[in-house]
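User: I'm new to this and would like a close look at one part of this model: a place where a helix from one chain meets a helix from the other. Could you walk me through it?

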Amino acid sequence: MADPLIFERSVPGRRGYLLPPSDVPASNPSEVLPAEAVRPSAPPLPEVAEFDVVRHYTRLSQLNFSVDTHFYPLGSCTMKYNPKLNERIAALPGFAWLHPFQPESQVQGVLELLYELEQLLCAITGMAAFTLQPAAGAQGELTGLKIIAAYQRKKRRTRSTILIPDSAHGTNPASAALSGFTVVQLKSGPDGLIDLAELKAKLTKDVAALMLTNPNTLGLFERDIKTIAALLHERDALVYMDGANMNALLGIAQPGQMGVDLLQLNLHKTFSTPHGGGGPGAGPVGVTKALEEFLPVPRVRKAGKRFTWDERGRSSVGRVHGFYGNVGVLVRAYTYIRTLGRDGLRRASEVAIINANYLKAKVQETFPVPFDHRCMHEFVASLKSLKASGVTAMDVAKRLLDYGFYAPTVYFPLIVDEALMIEPTETESKETLDRFAQALASIAQEAKTTPEVVRRAPQRMVVDRLDEVKAAREPNLRWVPAREAVHA
Amino acid sequence: MDYAPNTTAQLQEMLQAIGAGSFDELLQQVPRELQRRDLDVPDGLAEAQVISLCEALAGRNRPLTEVVSFLGAGAYAHLIPTVVDAVAARGEWLTPYTPYQAEASQGTLQAIYEFQTMVCELLQMDVANASLYDGASGVGEAAVLSLRATERGRILVSEAVHPHARQTLATYLRGSQATVQEIPAVNGVTDLDALGKALGDDVACLILQQPNVFGCLEPMAQAGQLVHRTGGLFIASVYPVSLGVLTPPGAYGADIAVAEGRCLGSPPAYGGPGLGLFTTTTALLRRIPGRLAGCTVDQAGRRGFTLTLQTREQHIRRERATSNICTNEGWLALRATIFLTLLGPQGLRELAALNLDKARYAKARLCEVPWIQPLFDQPCFNEFTLRYDPAVKVEAVNRKLAAAGIAGGLALGDWYPTLPQGSLWCTTERLSREAIDRTVETLRRIA
Amino acid sequence: MHLPADLSYTATHEWIRREAQDAAVGLSAHAQEELRDIVFVELPKPGRAVKQGEAVAVIESVKAAFDIYAPVSGTISRVNEAVVKTPQIINQDCYGAGWLFAVAPSTPAEFSKLLSADAYAKQIEASTH
């Protein structure tokens with residue numbers, strides 16, 4: 001039986017939190033503010049006691065899968081362990097209780113952290129400078145595209161096309177369109193990589209940049225990246241790398257050496273900050289020296305032993321965040337990088353790659369992996385062989401929930417039929433990987449002998465398959481008291 | 001210290017199972033000349049060392065737990081009930097992924113549904129999304145929505161809207177055909193005459209902030225009527241805690257209402273992460289950026305929750321999405337939800353009233369100082385603008401206050417060059433009467 | 001596979017039926033089956049000028065958004081509000097009550113470029129291999 005909504009637990013008169021009494025003269029808002037400015041009645045929020053709140057939100061949390069409780073083999077999401085140490089540091093009052101406009105003399109510690117974080121990200125990626133402002137990967141992409149546009153304007157050109165492989169994550173074309181560019185799709189080659197002939201054919205005078213992911217969403221390293229970059233640079237077009245898959249490259253290879261001009265990192269992926277059920281994230285953007293002038297301002301500068309905000313930047317694309325970026329997330333990432341250090345970072349990528357290849361070998365006993373090279377940190381299997389039994393990749397994903405695993409990414413990338421994109425990360429043990437491969441094998445067997453069990457999955461969760469058609473046709477996006485209920 | 005459990009022995013076993021003699025064989029797709037082992041970062045550390053290092057860094061800051069602060073200007077430090085931290089810290093809230101697999105995410109999805117409901121109730125709007133990055137990007141997204149919905153090209157924004165929001169707006173719009181026109185403020189509020197003259201049938205929207213950057217209350221209903229007359233949309237950027245006492249945007253005709261919601265249950269954290277609240281009327285539902293959680297039923301008829309109307313989003317529409325947003329601010333939305341349920345209607349009203357009263361008291365006492373006067377003659381909520389006599393420099397005052405452990409009102413001269421003697425003061429419920437009195441005494445001694 | 005012979009079709013899965021003053025346009029049964037439950041329809045505004053092959057409407061299922069292209073050039077003469085209110089009609093009766101919009105054609109010669117029911121059926125068969 002599903003838990004009630006918090007509104008259904010409301011009892012008039014209950015209070016969950018008592019404010020301290022006022023130590024200044026109290027006024028009646030209606031007497032000191034203009035009539036039209038005063039809210040006639042309090043907002044109709046639920047009335048519950050503190051313990052009601054604790055019990056309600058604790059019980060709700062128990063309905064979730066989470067990295068702390070379950071294996072999440074989601075491709076390109078890098079669902080690695082979120083160290084508790086990061087939480088402890090981010091919660092220190094010395095970081096959590098700083099106001100963004102405090103005088104610089106009062107915030108030298110956090111400025112130093114931000115400065116050092118930028119240096120560390122440069123060292124890791126081989127880029128010359130970073131902005132820490134973007135609040136997520138997609139916002140990082142948007143920032144990168146703004147920089148590409150600014151570069152065009154500086155060169156007094158109006159190139160309006162961005163080339164994007166058909167295997168790219170949806171945020172890539174969405175960000176490009178939001179930035180006013182036209183997207184031209186590059187068809188991947190038979191080996192799953194960027195096809196040089198296709199690239200040359202579509203590399204017109206109107207191309208401002210290529211947006212690629214490396215390793216790509218099939219988990220394959222773009223071998224020809226230097227050639228690709230040279231082709232773009234020949235025409236003074238730029239190479240943007242979606243750094244979502246950086247977990248394969250730490251201490252292994254550097255985008256800065258590949259000819260990449262800009263990239264965004266996802267701190268909530270590679271750098272272990274928690275996903276929070278949908279954020280917060282952070283998407284710092286790194287650039288070459290030539291593009292540094294376009295970075296958002298302000299930036300942290302070091303003058304002797306002091307750190308200071310530098311607002312200058314005539315060519316800057318401007319501001320993308322209300323303040324300095326998701327500092328709370330940046331503190332977590334800094335803590336992580338200092339904890340792992342040189343050897344730990346390298347080891348993270350090494351083990352991520354070994355784990356992925358090992359799991360691929362085991363999964364291949366059940367399902368084919370179309371692009372069957374050594375993969376990097378993730379791989380894509382195809383479940384189209386199950387079509388004969390009327391079982392889809394989505395059905396298998398739902399059945400995996402019954403086996404206690406969060407489902408891998410399904411139907412992405414679009415270029416593999418009935419795709420299952422799997423990224424184990426380095427923080428999963430061999431035992432977990434074995435159990436997961438075993439679960440897939442069991443489900444494949446079920447698909448042959450008792451396909452309805454798979455098609456009706458999940459059966460062991462608090463709800464079974466939800467009516468998404470109803471949810472879309474009759475949007476019910478908020479609770480209303482019964483007497484007011486109407487369909488949208 | 002790293003967090004990869006597999007031992008060297010296990011990794012060897014695994015390499016054998018893969019059919020590789022060594023790890024390097026797995027790198028065959030990476031060109032030799034790109035491979036490098038040397039990472040120019042410091043050695044890793046044990047937990048105790050990391051704590052020492054980071055506590056030292058934190059120790060070089062003076063947080064609001066030590067300093068008396070009158071800073072606001074878009075970032076407001078409010079009380080955070082213990083239960084918010086305690087419950088939100090659970091791994092089941094902190095570490096799940098975005099709730100795409102609804103059956104494994106009913107906790108997160110129900111919490112988002114409750115969040116959406118409470119945000120609608122607080123702002124008195126029809127629909128709320130699951131959050132955007134922050135208030136500033138919310139303004140940008142609202143403007144983009146209005147351009148697409150009206151198919152017009154001019155945006156009006158008051159100069160009394162926070163400069164950072166206006167700058168973010170400019171960044172979002174650069175490269176598009178849209179133009180932005182600023183409406184001046186007179187005596188601390190938007191000039192309705194100037195607004196009337198600026199309106200036309202090419203105006204997609206008007207953006208106002210309530211209270212505005214000076215802390216003053218704007219004539220929202222009148223402004224809304226003016227822009228509606230010419231067929232434009234009315235966008236309000238509001239302050240959530242103020243809505244315990246102030247008229248909500250739904251009541252004065254806002255088509256889109258956005259806010260910075262971090263003040264509901266999360267600490268200021270040097271400005272981020274934020275929590276962008278984004279609400280609209282039902283008419284604009286299909287154009288809303290970001291995620292939406294909807295209530296539905298499962299095959300057995302049980303109530304459940306799922307992400308819905310996803311065809312607006314990047315993972316399906318790609319270049320035709322309403323926005324490119326993917327990750328948002330889920331964990332802060334959860335904290336805000338817990339916060340709002342703890343406070344409830346009475347608590348939020350009392351909280352807002354406390355803020356109002358502290359500000360009235362502080363303003364009156366501060367203006368007792370001979371060289372301080374109010375700058376604008378307008379009703380305010382918890383923020384107000386003061387003017388110092390020409391002989392007294394705002395920055396110099398702040399330096400002396402800082403030496404006494406006080407963060408004084410923000411100097412407005414950088415943002416508004418015509419107000420070089422202006423100073424923006426904010427009081428939340430965290431500020432005691434004693435601290436206010438002590439500040440007044442310190443100011444008296446300064447000049 | 002139901003493909004009325006009196007209609008013409010496009011490679012992008014629209015059908016078109018000439019009527020007295022204009023030509024009605026809708027989604028073929030094949031496309032409707034691929035999309036499954038339709039949840040939302042966005043139609044063009046009457047009076048809008050359209051070119052053959054231009055994307056003028058959108059049909060959404062839960063998981064996908066599908067562009068509808070104008071089979072011929074002309075002006076949008078009328079739209080079917082019923083499917084906006086009740087998108088399921090398209091699933092139930094895609095050739096009748098589920099029509100989407102009508103075009104007052106400007107270039108009669110374009111009709112000869114459209115596919116017959118047979119030609120469209122052959123195309124579907126070829127693409128599902």
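**Two helices from two chains**

Analyst: Let's start with chain B as a whole, keeping in mind that this model is predicted. Take the contacts in chain B between residues at least 6 apart in sequence: 73% of them join residues at least 24 apart. Chain B has 447 residues, and 62% of them are buried. You'll find 13 helices and 17 strands in its secondary structure, and its C-alpha atoms fill a box of roughly 80 × 55 × 50 Å along the principal axes.

Now for the neighbour. On the chain B side, 175 residues are in contact with 177 residues of chain A. Helix 11 of chain B (residues 330-366) gives the largest share of that side, with 24 residues. Sorted by class, the side of chain B that touches chain A holds 90 nonpolar, 53 polar and 32 charged residues.

Okay, zoom in on the pair you asked about. Two packed helices are described by the angle between their axes and the distance between the axes. Here, helix 11 of chain A (residues 327-363) and helix 2 of chain B (residues 47-59) have axes that come within 10 Å and cross at roughly 140°. That angle is why helix 11 of chain A counts as oblique to helix 2 of chain B. The crossing of these two helices is right-handed.

Who actually touches whom? From helix 11 of chain A come A:Thr335, A:Arg338 and A:Thr339, and they meet B:Val50, B:Leu53 and B:Cys54 in helix 2 of chain B. By class, that contact has three nonpolar, two polar and one charged residues.

Technical notes: Residues are numbered from 1 along each chain as its sequence is written. Chains are lettered from A and ligands numbered from 1 in the order in which they are written. This is a predicted model: local features need pLDDT of at least 70, side-chain atom pairs count only at pLDDT 80 or more; totals for chains, interfaces and linings use all residues. Axes are lines fitted to C-alpha atoms, for helices over the stretch in contact, and angles run from 0 to 180 degrees between N-to-C directions. Helices (H or I, at least four residues) and strands (E, at least two) are DSSP runs, numbered from the N terminus. Angles under 35 degrees count as roughly parallel, over 145 as roughly antiparallel, 65 to 115 as roughly perpendicular and the rest as oblique. A crossing is left-handed if the near helix is turned anticlockwise from the far one by less than a right angle, and right-handed if clockwise. Two residues are in contact if their C-beta atoms, placed from the backbone, lie within 7 Å. Ala, Val, Leu, Ile, Met, Phe, Trp, Tyr, Cys and Pro count as nonpolar, Asp, Glu, Lys and Arg as charged, and the others, Gly among them, as polar. A residue is buried if 20 or more other C-beta atoms lie within 10 Å of its own, exposed if 12 or fewer, and partly exposed in between; C-beta atoms are placed from the backbone.
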